[in-house]
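Reader: I'm new to reading structures, and I'd like to know where the labels come from. Could you walk me through a few of them?

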Amino acid sequence: MNRQIFISKRTKSRFRFVLATEIDMDLENNLYIVDSTNHRVVKWTLFGSTGVVVAGGNLSGNASNQLYEPQGMYLEKDSLTIWIADTGNHRIVKWISPTDSSIVCGSEGSANDQFDTPTGIFIDENNGNTMYIADCYNHRIQRWIEGAVSGTTVAGVTGVDGTDFDHLSFPNKVLVDEDENMFILDSGNDRVLRWKIGETSGEVIAGGQGSGIDENQLFLPQSIRFGINGSLYVADTYNNRIQKFDPLPCRKLILIHILFISIKHCFSYNNNINNNNNNNNNNFKWINQYWFNFHCSKYFLNSFILSIN
């Protein structure tokens, strides 16, 4: 099995990541990375030595050309429009180009036109760019039709977390398929739900057995992706591992994210952190070794794409 690391924190560049929370790839195999604590999205060519800021990068703030600790992103492959869950500003923003950005919707709160710490976004390009937002601290998934002045809750109960199948607890990410099934990373409940739009509850397809280290358990997972064969990959963050679950039947994702992981890099990589710290002369923050060990599976799931032959 051959592995190739396309981008890593070892790159000698000012474009180093403190916390990379989302990653995607365009049709030309360029990587787009949400560099959360640097308040920006960076574009990298494969094996490139530096990146280019394509959204944000103007310090933290709430102007239309600024971001504040964004957590989620959706990239339109044809137009390269970037939709961003601007988490710290409790809003959704859209970047058509590095110099053309706009605020789409949102402010802090629990009303239907507001969000509280949105962390994930999915755009249904086959249905008029309808947005699905993981409204994390409101414990709900919001569906927002393009041009509407407010959204509607399609999963969860606003402001109420719970363990029943009609409740969510700090949902982190959401994906949607052509049959209007939502796949919700219900992080606070350590599970992934499949929830049909229009239904009042979902069903567990991964985890849901309480926090733990067994193969059927998760511990505060932070990201999900589907492989090309339909297998579900979960960043089982606080267990420091990637969990793979068997393919789901009859699942046709509108956008299939292909992600292969080599977990051993998590444990070999931290040996180089101290050496890299000595080379950091650009006033960029570095995570300490304790934080890295504790969060390595999330960091690697969202920050690396590895090719496996």
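**Rings and strands, label by label**

Author: Sure, let's start with one ring: Phe170 is partly exposed, at a relative accessible area of 32%. Keep in mind that this is a predicted model.

Reader: Why is Phe170 called partly exposed?

Author: Buried needs a value under 20%, and exposed needs one over 50%. Phe170 has 32%, so it lands in between. Tyr137 gets the label partly exposed too, with 46%.

Reader: What makes the pair of Tyr137 and Phe170 edge-to-face?

Author: Ring centres have to lie within 6.5 Å, and planes over 60 degrees apart count as edge-to-face. Here the centres are 5.2 Å apart and the planes stand at 75 degrees, so the label fits. Tyr137 sits in the loop between strands E10 and E11 and Phe170 in the loop between E12 and E13, so the pair ties together parts 33 residues apart in sequence.

Reader: How do you know whether Phe183 is buried or exposed?

Author: Its relative accessible area is 1%, and the limit for buried is under 20%, so Phe183 is buried. Phe226, at 0%, counts as buried as well. The rings of Phe183 and Phe226 form an edge-to-face pair, linking strand E14 to strand E17.

Reader: What makes strands E6 and E7 a pair?

Author: Pairing takes at least two bridges, and five join E6 to E7, so they qualify. The two run antiparallel, and Trp83 stands opposite Lys94 in E7.

Reader: And why are E5 and E8 called edge strands?

Author: In the open sheet ordered E5-E6-E7-E8, E5 and E8 each pair on one side only.

Terms used. Residues are numbered from 1 along each chain as its sequence is written. This is a predicted model: local features need pLDDT of at least 70, side-chain atom pairs count only at pLDDT 80 or more; totals for chains, interfaces and linings use all residues. Side-chain values use heavy atoms; hydrogens and water are left out. Helices (H or I, at least four residues) and strands (E, at least two) are DSSP runs, numbered from the N terminus. Rings of Phe, Tyr and Trp (its six-membered ring) pair if their centres lie within 6.5 Å; planes under 30 degrees apart count as stacked, over 60 as edge-to-face and the rest as tilted. Buried means under 20% relative accessible area, exposed over 50%, partly exposed in between (1.4 Å probe, protein chains only).
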